[in-house]
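Subject: The structure I promised you

Hi,

Here is the structure I said I would pass on. Have it open while you read, and my notes on what turned up in it follow below.

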Amino acid sequence: MLFTHEHDELRRTTERLIEEHVSPYLDEWEAAEIYPAHKVMKKFGEAGLLGITKPVEYGGMGLDFSFEMVFSEALGTIKANGVSTSIGVQSTMCTPALAKHGSDELKRNFLAPSIAGDLVGCIGVSEPSAGSDVSQAKTNARRDGDDYVINGSKMWITNGVQGDWICLLCNTDTDNGPHKNKSLIVVPLDTPGVSVSRKLDKLGLRCSDTAELFFDDVRVPVSNRIGEENRGFIYQMEQFQEERMFAIARGLSSLEQAINETIEYTGQRMVFGKPVLANQTVYHKLCEMQTEIECVRALLYTATEKYLNGEDVTKLASMGKYKIGRLAMMIPTECLQFWGGQGVMNENWISRCLRDMRVTAIGGGANEIMLEVIAKYMGIHPGKGE
């Protein structure tokens with residue numbers, strides 16, 4: 001994939017914004033276990049970075065998806081994935097379906113202010129008993145005149161505490177399940193009946209607010225539905241492709257940063273009279289890990305080019321998501337080992353990297369689900385013979 005001067009400028013703009021408005025405060029936000037989402041989103045919104053691919057008439061840049069991938073890679077340089085995850089939810093997870101299928105009124109009321117950074121959005125898919133198995137979601141929206149009445153709950157919702165609205169996947173039909181009975185509905189989180197049960201205590205992503213949300217007879221207009229009724233599952237599968245490519249791009253930068261910082265540290269750390277990095281087993285392992293990263297980056301760029309051409313990239317995005325999930329479990333662990341006792345000290349970023357990256361193999365579709373998707377596209381149908 002060829003990058004232009006415009007791509008480079010967008011990357012530099014993002015990295016400058018991170019350096020000035022994010023990096024100096026990360027330790028403070030991690031300790032507080034929350035970061036000021038509205039304040040940070042506004043900075044990114046003012047720079048135009050929350051609507052890179054979104055329509056110009058709603059405040060977006062109207063650029064192609066390759067620019068979104070450059071932005072996502074730059075977000076990976078943030079040394080706290082809680083922040084980059086929160087921003088990624090806003091840019092590539094809760095807004096794609098709204099931008100593509102939403103009504104003009106819905107886009108003016110929710111997409112435009114989200115692009116500007118005035119509203120913080122969430123994506124509401126996972127439930128306590130329906131994580132990777134999206135089809136089993138139980139939250140329902142019953143039609144009552146010109147309104148939907150929503151009941152149910154959503155779990156592991158990034159931006160759920162500070163958010164202003166949620167792109168909610170609900171069952172809107174009692175028949176045709178589980179794939180043709182769901183809709184995506186925009187629900188303002190200050191609507192009566194919406195409650196935050198609790199801010200979740202997590203292993204990683206400490207500075208992002210992640211919540212369990214309940215919906216008790218929540219009434220919203222039918223006009224808040226995104227696109228056609230009962231096509232929400234399809235719309236969400238489309239959104240997942242952008243989410244998964246975001247996870248790959250962001251993850252590549254985070255893991256590459258872990259390798260580079262490990263090279264710097266082990267080049268200075270003396271053991272038995274020589275730097276740790278001078279040991280062949282150490283630098284061979286680092287070279288192997290960097291090679292794995294470049295392989296996944298090539299896969300991502302291929303998927304991005306095909307996506308730009310309007311091709312179905314489900315298989316490639318799933319392969320990349322699976323592979324970045326595997327590397328997220330391996331690379332921080334291997335790097336931390338070379339830090340010795342310092343690696344388990346919270347004062348060193350490598351320990352945070354290990355905690356933050358672990359969820360990559362789970363969120364946005366667990367590794368096992370990615371393999372099931374890949375098997376389907378390879379024509380493998382377990383248990384059905386040939």
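**What I found**

At a relative accessibility of 8%, T360 counts as buried. You'll find T360 in the loop between helix 11 (349-357) and helix 12 (367-377). And what does T360 touch, leaving aside its neighbours within four places in sequence? The contacts are K321, I324, G325 and A328.

One thing to keep in mind before going on: this is a predicted model.

**The whole protein**

Stepping back, the protein has twelve helices and ten strands. Its radius of gyration is 21 Å, close to the 21 Å that the globule rule gives for 386 residues, so the protein is as compact as a globular protein of that length. If you lay the C-alpha trace along its principal axes, it spans about 80 × 55 × 40 Å.

How much of the protein is buried? Of the 386 residues, 53% are. As for the surface, about 16600 Å² is exposed, and carbon and sulfur atoms supply 51% of that.

The contacts are worth a look too. Take the contacts with a separation of 6 or more: residues 24 or more positions apart account for 76% of them. On the charge side, there are 40 positive and 52 negative charges, and their mean positions are 3 Å apart.

**Strands 4 and 5**

Now zoom in on strand 5, residues 182-188. Seven of its seven residues are buried, so strand 5 is largely enclosed by the rest of the structure. Both faces are covered: K182, L184, V186 and P188 are buried on one side, and S183, I185 and V187 are buried on the other.

Which strands pair with strand 5? One is strand 4 (residues 165-171), which runs antiparallel to strand 5 and is joined to it by seven bridges. Within that pairing, C167 stands opposite V186, and L169 has L184 as its bridge partner. Another is strand 8 (residues 225-226), also antiparallel to strand 5, with two bridges between them. Here L184 turns up again, standing opposite I226.

Strand 4 is mostly covered as well, with seven of its seven residues buried. W165, C167, L169 and N171 point one way, I166, L168 and C170 point the other way, and all are buried. Strand 4 also pairs with strand 1 (residues 121-124), this time in the parallel sense, over four bridges. If you want a pair to click on there, C122 in strand 1 stands opposite I166 in strand 4.

**Some backbone details**

Between strand 4 and strand 5 there is a loop, and P178 sits in it. The peptide bond from G177 to P178 is cis, with omega near 0°.

Next, two residues with a positive phi that are not glycines. D217 has a phi near 50° and is found in strand 7 (residues 210-221). Is D217 buried or partly exposed? Its relative accessibility is 48%, so D217 counts as partly exposed.

N230 has a phi of about 70° and lies in the loop between strand 8 and helix 8. At 17% relative accessibility, N230 counts as buried, because the cut-off for buried is under 20%.

**One residue in helix 8**

Last stop: I263, in helix 8 (residues 232-268). With a relative accessible area of 35%, I263 is partly exposed. Not counting residues up to four places away in sequence, I263 touches L277 and L286. You can also look at I263 together with Y283: they are 20 residues apart along the chain, and their C-alpha atoms are separated by 8.2 Å.

**Where to start looking**

If you would like a route through the model, try this one:

- Start at strand 5 and follow its seven bridges to strand 4.
- From strand 4, go on to its parallel partner, strand 1.
- Return to strand 5 and find its two bridges to strand 8.
- Look into the loop after strand 8 for N230, in the stretch before helix 8.
- Carry on to I263 in helix 8 and pick out L277 and L286, which I263 touches.
- Finish at T360, in the loop between helix 11 and helix 12.

Let me know how you get on with it.

Cheers

Notes:
Residues numbered from 1 in each chain as written. Predicted model: local features only at pLDDT ≥ 70, side-chain atom pairs only at ≥ 80, totals over all residues. Heavy atoms only, no water. Rg over C-alpha atoms; globule rule 2.2 N^0.38 Å. Buried < 20%, exposed > 50% of the residue type's maximum accessible area, 1.4 Å probe, protein only. Contact = heavy atoms within 4.5 Å. Areas by Shrake-Rupley, 256 points an atom, 1.4 Å probe, with all protein chains shown as cover. Lys, Arg positive; Asp, Glu negative; His and termini not counted. Charge placed at Lys NZ, Arg CZ, Asp CG, Glu CD. Pairing = 2+ DSSP bridges.
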